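Reader: I'm new to this one. Can you show me the structure and walk me through it?
Author: Sure, here it comes.

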Amino acid sequence: MRNRMLSILALVFSLPAVGLIWEFQSYRLTDPFAAFAEPAGLMRGCTDIPEAVALADTLQTRALRIERYMESLDAKKAEIAKAEAALRERVAELKSQKAGLQSGRDGATQAVRNDIDRLIALYDQMKPAEAAAILTNLPSDFAAEILMRVNPETGARIIAAVEPRQAALLTAEMGARSVRKR
């Protein structure tokens with residue numbers, strides 16, 4: 001019984017408060033936290049009570065602070081949106097630059113591969129004695145790389161034409177390169 005009575009009293013007292021809040025918010029539905037300079041009827045009959053006047057001033061001050069805070073939040077949101085747009089623009093620019101660099105790098109790598117293929121084809125066409133004479137004057141790692149890429153029959157004839165000490169060095173270098181690639 002007591003709980004039912006409390007519920008009824010709460011309902012009776014809350015309905016006028018809801019109506020009053022609804023009336024205040026109907027002025028500006030889009031901005032419920034906006035402060036009003038002098039809400040109509042708020043202080044009617046209460047101007048002689050100092051506590052009510054102080055409370056009304058405090059509430060009005062808080063409402064103004066909230067309004068300013070909401071305005072600063074809106075300004076910060078706008079700044080963040082502007083910064084996000086600038087970042088998106090910069091990311092798109094960097095991606096396009098990266099794609100351009102990648103395509104240039106791929107083109108340069110392909111050009112190097114084409115040059116190496118031409119060089120290997122050249123050594124494949126040479127006489128083994130001539131190729132051996134040239135390879136002995138090259139750095140051993142470069143000579144080993146060439147020998148690894150030429151046709152195996154041609155490479156065998158070239159190594160056979162190289163002096164034994166140099167042939168052993170080139171063979172060891174070729175074996176070491178094979179191990180490093182794995």
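**Surface, helices and salt bridges**

Author: Start with the outside. The accessible surface of the protein chain is about 14,200 Å², and carbon and sulfur atoms hold 62% of that. Keep in mind that this is a predicted model.

Reader: What share of the residues counts as buried?
Author: 16% of the 182 residues in the protein chain.

Reader: And the secondary structure? How many helices and strands?
Author: Six helices and zero strands. Along the sequence the pattern reads α-α-α-α-α-α.

Reader: What part of the contacts links residues 24 or more positions apart?
Author: 57%, taking the contacts in the protein chain with a separation of 6 or more.

Reader: New topic. Where does UniProt put a coiled-coil region?
Author: At residues 66-97, according to an unreviewed UniProt entry. In the model, that span is 100% helix and 0% strand.

Reader: How far apart are the end C-alpha atoms of residues 66-97?
Author: They lie 46 Å apart.

Reader: Now salt bridges. How many are there?
Author: Five. One of them joins the side chains of glutamate 84 and arginine 88, with N to O at 4.0 Å.

Reader: Why can glutamate 84 and arginine 88 pair up along the helix?
Author: Both sit in helix α2, which covers residues 50-125. They are four residues apart, so about one helical turn separates them.

Reader: Are those two buried or exposed?
Author: Glutamate 84 is partly exposed, at 39% relative accessible area. Arginine 88 is exposed, at 56%. The cut-off for exposed is over 50%, so 39% falls short of it.

Reader: Which residue does glutamate 93 bridge to?
Author: Arginine 90. Their closest N and O atoms are 2.8 Å apart. Glutamate 93 and arginine 90 are three residues apart in helix α2, so the separation is about one helical turn.

Reader: How accessible are glutamate 93 and arginine 90?
Author: Glutamate 93 has a relative accessible area of 36% and is partly exposed. Arginine 90 is partly exposed as well, at 41%.

Reader: What about aspartate 115? What is its partner?
Author: Arginine 118, with the closest N and O atoms 2.9 Å apart. Aspartate 115 and arginine 118 lie in helix α2, three residues apart, about one turn of the helix.

Reader: Which of these words fits each one: buried, partly exposed or exposed?
Author: Aspartate 115 is partly exposed, at 41% relative accessibility. Arginine 118 is exposed, with a relative accessible area of 55%.

Definitions and conventions
Residues numbered from 1 in each chain as written. Predicted model: local features only at pLDDT ≥ 70, side-chain atom pairs only at ≥ 80, totals over all residues. Heavy atoms only, no water. Helix = DSSP H or I, 4+ residues; strand = E, 2+ residues; numbered from the N terminus. Buried < 20%, exposed > 50% of the residue type's maximum accessible area, 1.4 Å probe, protein only. UniProt positions renumbered as here; feature names shortened; annotations may be inferred. Contact = heavy atoms within 4.5 Å. Areas by Shrake-Rupley, 256 points an atom, 1.4 Å probe, with all protein chains shown as cover.
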